[in-house]
Amino acid sequence: SKDHLKQLFQSPLFTGCKSLASCYRLGSLVPKGSHKYWVPLIGLYTGMRMQEILQLYVADVYQTNDIWVFDLNENHKDQKLKSPQSKRLVPIHDDLLEIGFLEFLKSKKSERLFDDAPTSSDGTYSTTFSKWFSRYLTRIDVKTDKTSFHSLRHNMKDFFRQIGESDELSENFMGRTTGSTGEAYGSGYSVERYHSAVNKIKFNEILGR
């Protein structure tokens, strides 16, 4: 719900926490160098799957036609996509740039964007992160049977609907198909069209800005 989102994104991890280990406690640290800070924000602004975000490489973030994008691909052996439709370019919302994402990007010395996110025993990055995220939601009293990182994908679909965009656009934006006849004959939406659409969504209330 919107109240859950506000509670999450106005919690200590995003507004000021005691330390990265105690990121659920109030303090003065805003950990903009950590994957724990950026991965939920990217999930909020893109509806990308947890693994899609965590497996990004620095080279997967670039400008095309003056628009910053996440390039979801399988160019590295640790990158796996759920389906052929998952391979796509996702425009980065202007808010993320304003919050400092480009500064974070430029600070990276490693190939992986979130090199501080460990690999799980199953070979993914998402299993370990999912457990941490669930604990964090519990700590800030947001966790219910229906709240998880995947909830952010459902939220994004709702956001597109609220601004009058079609289900076809929202599904394609998030790497899914609706099975419509139009999709079979069209070449999909342009990055410019996606960028225009996603920037109509306003997150100020959620972030308390």
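A search of the whole structure, which is a predicted model, turns up 19 aromatic pairs. Let's start with a pair of phenylalanines. The ring centres of F129 and F133 are 6.0 Å apart and their planes meet at 15°, so this pair counts as stacked. Both residues belong to helix α7, which covers residues 126-139. They sit four residues apart there, or about one turn of the helix. Neither ring shows much to the outside: F129 comes out as buried at 3% relative accessibility, and F133 is buried as well, at 4%.

F129 has another ring partner, F149, and here the geometry is edge-to-face. The centres lie 6.0 Å from each other, with 85° between the planes. What does this pair tie together? F129 is in helix α7 while F149 is in the loop between α7 and α8, so the contact links parts that are 20 residues apart in sequence. Both F129 and F149 are buried.

Elsewhere, there's an aromatic cluster to look at. Its members are F9, F14, Y37, W38, F70, F101, F104 and F114, and they form one group. If you want to find it in the viewer, W38 is one of the residues to click on.

Rings also meet charges in this model. The charged end of R112 sits over the ring of Y125, at 3.8 Å from the ring centre. Another arginine, R139, lies over the face of Y24, and there the distance to the ring centre is 4.2 Å.

**Salt bridges**

Now for charge meeting charge. Side chains of opposite charge can pair when their charged atoms come close. The model holds 13 salt bridges, and the table gives some of them, with the distance between the closest N and O atoms.

| Basic residue | Acidic residue | N to O distance |
|---|---|---|
| K108 | D115 | 2.7 Å |
| R161 | D167 | 3.3 Å |
| R193 | E165 | 2.8 Å |

How exposed are these partners? In the K108 and D115 bridge, K108 is buried at 17% relative accessibility, given that the cut-off for buried is under 20%. D115, on the other hand, is partly exposed at 41%. For the R161 and D167 bridge, R161 is partly exposed at 44%, and D167 is also partly exposed, at 35%.

The bridge between E165 and R193 is worth following along the chain. E165 lies in the loop between α8 (151-162) and α9 (167-173), whereas R193 is in helix α11 (residues 191-198), so the pair ties together parts that are 28 residues apart in sequence. As for accessibility, E165 is buried with a relative accessible area of 9%, and R193 is partly exposed with 33%. Salt bridges can also share partners, and that is how K2, K6 and E205 end up joined into one network.

**The sheet**

How are the strands arranged? Three strands make an open sheet, in the order β1-β2-β3, with antiparallel pairing. β1 (61-64) and β3 (88-91) are the edge strands and have a single partner each, so one side of each is left without a neighbour in the sheet. From one strand to the next, the twist averages 45°.

β2 covers residues 67-72, and its antiparallel pairing with β3 runs over four bridges. To see the register, pick L72: its bridge partner in β3 is R88.

**Cysteines**

Last, the sulfurs. A disulfide is a covalent bond between the sulfur atoms of two cysteines. How many does the model hold? The count is zero. C17 is in no disulfide, and the nearest cysteine sulfur to it belongs to C23, 5.7 Å away. The cut-off for a disulfide is a sulfur pair within 2.5 Å. C17 is buried, at 0% relative accessibility. C23 is likewise in no disulfide, its nearest cysteine sulfur being that of C17. At 2% relative accessibility, C23 counts as buried too.

Terms used. Residues are numbered from 1 along each chain as its sequence is written. This is a predicted model: local features need pLDDT of at least 70, side-chain atom pairs count only at pLDDT 80 or more; totals for chains, interfaces and linings use all residues. Side-chain values use heavy atoms; hydrogens and water are left out. Two strands pair if DSSP finds at least two bridges between them. Helices (H or I, at least four residues) and strands (E, at least two) are DSSP runs, numbered from the N terminus. Axes are lines fitted to C-alpha atoms, for helices over the stretch in contact, and angles run from 0 to 180 degrees between N-to-C directions. A salt bridge is a side-chain nitrogen of Lys or Arg within 4 Å of a carboxyl oxygen of Asp or Glu. Buried means under 20% relative accessible area, exposed over 50%, partly exposed in between (1.4 Å probe, protein chains only). Rings of Phe, Tyr and Trp (its six-membered ring) pair if their centres lie within 6.5 Å; planes under 30 degrees apart count as stacked, over 60 as edge-to-face and the rest as tilted. A charge sits over a ring if NZ of Lys or CZ of Arg is within 6 Å of the ring centre and within 35 degrees of the ring normal.
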